[in-house]
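Biologist: Could you walk me through this one? I'll ask as we go.

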Amino acid sequence: MRRRSKVPPAPLPQRLGVDPVHLRLPVEGAWPTLRAYLEECLPTVAPERIAALLSRREIVGEAGPVGPDEPFRPGAHLWLHRDLPDEVPVPFELDVLYHDDHLVVVDKPHFLATTPRGRHVVETALSRLRHTLGLPALSPAHRLDRLTAGLAMFVVRPEDRGAYQTLFRDRLVRKEYRAVAPYDPALALPRTVRSHIVKERGVIAARELDAPPNSESRIELAEHRDGLARYRLRPLSGRTHQLRLHMSGLGVPILGDPVYPVLLPDPAPDDFRRPLQLLASGIEFTDPLTGRPCRFESRRTLAAWSDPAGWAGGAAPRR
């Protein structure tokens, strides 16, 4: 098998914390010019846009900017900045709780994606942190759903990322969540829920199958009042939407969940009312680089519990 060559460092800087796009040209091909190749092989980019990038020399190779008449060079590396999507700014602060030479721990608000994906690119925790902290190599140690608020960890140096990701892979991180959902006096708690969860690419909702369990959650009742309850949740595995799916399966879906038990229409991009009442509230681990025990706690609250009338009336969360 032919080994893939290492990608050279990008000659273009990040833009608002977003990496430039990297292209590796095929080693074989009969295109007379780079422009001819790009027009054929990048169908989602209009030919006029390609021509403009080349004329302004905004496409860069290893030897520098390339122009409109650049010949096709098999195997060459190219970089360019993509057109960023129009994004509605997420009007909530991303609080940095901890920052050293290896690790950044943040308290993420609802509605802010962790990493760029789909229509969320600049308005993500990773892009914000890279830009505001001046850390272009910052990368996520794990991921937190866009709709979930609370603790998320990022790694400062690429060479340290594997050590922190291994903590999550090997279940050496103790994670705690808080949730607000309906109160069911007939539901016996605490309990451990186990099921087999599958999440198909391109499908919003995960599913539970009749198969050996691959997910496990500990569910506890913290307190209840007026038909609502505050729950303590501990995921013992890390499947997508695991806690949301398990709570819905118990008949107490988390308030504000637009997927479980029923998939609701997408709200308007600027509708920040009634956020999902799920908070990554605590995270505990032994730092793999220093051996130091670490414990972080979210400072955020869940509005449906602290201000149930305001949450039910659709008041936007505090900024």
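Biologist: How many helices and strands does the chain have?

Modeller: This is a predicted model, where local features need pLDDT of at least 70, side-chain atom pairs count only at pLDDT 80 or more, and totals for chains, interfaces and linings use all residues. Residues are numbered from 1 along each chain as its sequence is written, and side-chain values use heavy atoms, with hydrogens and water left out. Helices (H or I, at least four residues) and strands (E, at least two) are DSSP runs, numbered from the N terminus. The chain comes to 7 helices and 15 strands.

Biologist: What share of the residues is buried?

Modeller: Buried means under 20% relative accessible area, exposed over 50%, and partly exposed in between (1.4 Å probe, protein chains only). Out of 319 residues in the chain, the buried share is 44%.

Biologist: Is arginine 117 buried or exposed?

Modeller: Arginine 117 sits in the loop between strand 6 (103-108) and helix 3 (125-133). With a relative accessible area of 64%, arginine 117 counts as exposed.

Biologist: Which residue of strand 14 stands opposite arginine 295 in strand 15?

Modeller: Two strands pair if DSSP finds at least two bridges between them; strand 14 (residues 278-286) and strand 15 do so in the antiparallel sense, over 5 bridges. They form a hairpin with 6 residues between them, and glycine 291 in the turn has a positive phi of about 75 degrees. Arginine 295 is on the uncovered face of strand 15 (residues 293-297), with Pro293 and Glu297, while Cys294 and Phe296 make up the covered one. The residue opposite arginine 295 is glutamate 284.
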